[in-house]
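Grab a pencil and get the structure turning on your screen. Below are some exercises, each followed by a solution that takes it one step at a time.

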Amino acid sequence: MPGFRHLASWIPSLKASFMLFLGDFIYVDVPRRLGSDPETYRREYRQVYNSPDWPSVSEDLPWIHVLDDHEIANDWDGNTTAPYPAAVDPWRLYHTSINPPPVSPGASYFQFVHGPASFFLMDTRRYRSPSQALSANSTEKSMLGPDQLSHLLSFLSRREPEGVKWKFIISSIPFTRNWRFGSTDTWANYLHERQTILEAMWSVAPGTGIVILSGDRHEFAATAFPPPEGSKWPVSATVHEFSTSPL
């Protein structure tokens, strides 16, 4: 895989501690789906891991994963209905089994601290309301579900250990509304909950930076989310998103 070879050439100079992979590790439905059973999904993972270039990017670099739609089905919003059970079988075997521990038993979202930063890895697929069922501004529409949202807000409000100066929020889909194509699948279609999270981010204790890392779009973007002018939050509380897609 040319991408692996290019990445491998950079790993020594980057001195990275780990890789965050932001979803779509496989494309089970592209160019066409060959099945919906666990073995079909497992085969897709094995094809990636069987690449002769895989060891060059993994032997000295731990990979940490979040889930997105193409590990299940395009624009997935069906919660745990079929084919989700078959899809998460290999994701758990190959990925979450070596991820940091989940936030709570049975959850598919994670958090950990490394060096001067703490990380919250969201699951934007398993718990979301159907994308077309309610308006984007509905108070009843949720991307994260009540438990995950509560854990995220607690993560944002908690005091970090001494020396931790950054909080990274990991989203497999864009937080920004700037991409118009396919926006119904992104946070642009879950605006009430998005605003709740933004306000919690702006309220984080001074001296702690908030960064969102997102994927999905196959191109780079950087977005600033300053608090509303004249609000109780200072401009220094501005949140920044980097869409890196998917590495």
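## Exercise 1: Two helices that cross

Helix 2 and helix 4 make a right-handed crossing. Keep in mind that you're looking at a predicted model.

**Task.** Work out whether helix 2 is parallel or oblique to helix 4, and list which residues meet.

**Solution.**
- Step 1: Find the two helices. Helix 2 covers residues 38–49 and helix 4 covers residues 84–94.
- Step 2: Take the angle. The two axes cross at roughly 40° and come within 7 Å.
- Step 3: Compare with the cut-off. Angles under 35 degrees count as roughly parallel, so the crossing at roughly 40° makes helix 2 oblique to helix 4.
- Step 4: List the contacts. Helix 2 brings P38, Y41, R42, Y45, R46 and Y49, and these meet A86, A87, D89, P90, W91, L93 and Y94 of helix 4.
- Step 5: Sort them by class. This contact of helix 2 with helix 4 holds 10 nonpolar and three charged residues, with no polar ones.

## Exercise 2: Another helix pair

**Task.** Now try helix 5 and helix 6: at what angle do they pack, and what kinds of residues make up their contact?

**Solution.**
- Step 1: Locate helix 5 at residues 145–157 and helix 6 at residues 191–202.
- Step 2: Their axes sit 9 Å apart, and the packing angle is about 15°. Helix 5 and helix 6 are therefore roughly parallel to each other.
- Step 3: Check the handedness: helix 5 passes helix 6 in a right-handed crossing.
- Step 4: On the helix 5 side, G145, L149, L152, L153 and L156 make the contact, and on the helix 6 side E193, T196, I197, A200 and M201 do.
- Step 5: Split that contact of helix 5 with helix 6 by class, and you get seven nonpolar residues, two polar and one charged.

While you're in helix 5, click on Q148, which also belongs there. Q148 is buried, with a relative accessible area of just 1%. Leaving out residues up to four places away in sequence, Q148 touches Y109, F120, M122, D123 and Y127.

## Exercise 3: Reading the sheet

**Task.** In what order do the six strands of the open sheet run, and which strands are at the edges?

**Solution.**
- Step 1: Trace across the sheet. The order is 3-4-5-6-8-7, and the pairing is mixed.
- Step 2: Find the edges. Strand 3 (110–114) and strand 7 each pair on one side only, which makes them the edge strands.
- Step 3: Look at the twist, which averages 20° from one strand to the next.
- Step 4: Zoom in on one end. Strand 3 pairs with strand 4 (residues 117–121) in the antiparallel sense over five bridges, and Q111 stands opposite F120 of strand 4.
- Step 5: Go to the other end. Strand 7 and strand 8 are also antiparallel, over five bridges, with T223 having E241 in strand 8 as its bridge partner.
- Step 6: Add a helix on top of the picture. Helix 6 lies across strand 5 (166–171), strand 6 (209–214), strand 7 and strand 8, and runs at about 75° to strand 7.

## Exercise 4: Two faces of one strand

**Task.** Which side chains of strand 7 are buried?

**Solution.**
- Step 1: Start with the general idea. In a regular strand, side chains alternate between the two faces of the sheet.
- Step 2: Apply it to strand 7. A221, T223 and F225 point to one face and are buried. A222 and A224 point to the other face and are not buried.

## Exercise 5: Odd spots in the loops

**Task.** Which peptide bond before P31 is cis, and is V235 buried or exposed?

**Solution.**
- Step 1: The bond joining V30 and P31 is cis, with omega at about 0°. P31 is found in the loop between strand 1 (19–21) and helix 2.
- Step 2: The bond from A82 to P83 is cis too, with omega near 10°. P83 is in the loop between strand 2 (63–65) and helix 4.
- Step 3: Now check phi. D24 isn't a glycine, yet its phi is positive, near 60°. D24 is buried, at 6% relative accessible area.
- Step 4: D216 also has a positive phi, near 90°, and sits in the loop between strand 6 and strand 7.
- Step 5: V235 lies in the loop between strand 7 (221–225) and strand 8 (239–243). Its relative accessibility is 67%, so V235 counts as exposed.

Terms used
Residues are numbered from 1 along each chain as its sequence is written. This is a predicted model: local features need pLDDT of at least 70, side-chain atom pairs count only at pLDDT 80 or more; totals for chains, interfaces and linings use all residues. Side-chain values use heavy atoms; hydrogens and water are left out. Axes are lines fitted to C-alpha atoms, for helices over the stretch in contact, and angles run from 0 to 180 degrees between N-to-C directions. Helices (H or I, at least four residues) and strands (E, at least two) are DSSP runs, numbered from the N terminus. Angles under 35 degrees count as roughly parallel, over 145 as roughly antiparallel, 65 to 115 as roughly perpendicular and the rest as oblique. A crossing is left-handed if the near helix is turned anticlockwise from the far one by less than a right angle, and right-handed if clockwise. Contact means heavy atoms within 4.5 Å. Ala, Val, Leu, Ile, Met, Phe, Trp, Tyr, Cys and Pro count as nonpolar, Asp, Glu, Lys and Arg as charged, and the others, Gly among them, as polar. Buried means under 20% relative accessible area, exposed over 50%, partly exposed in between (1.4 Å probe, protein chains only). Two strands pair if DSSP finds at least two bridges between them.
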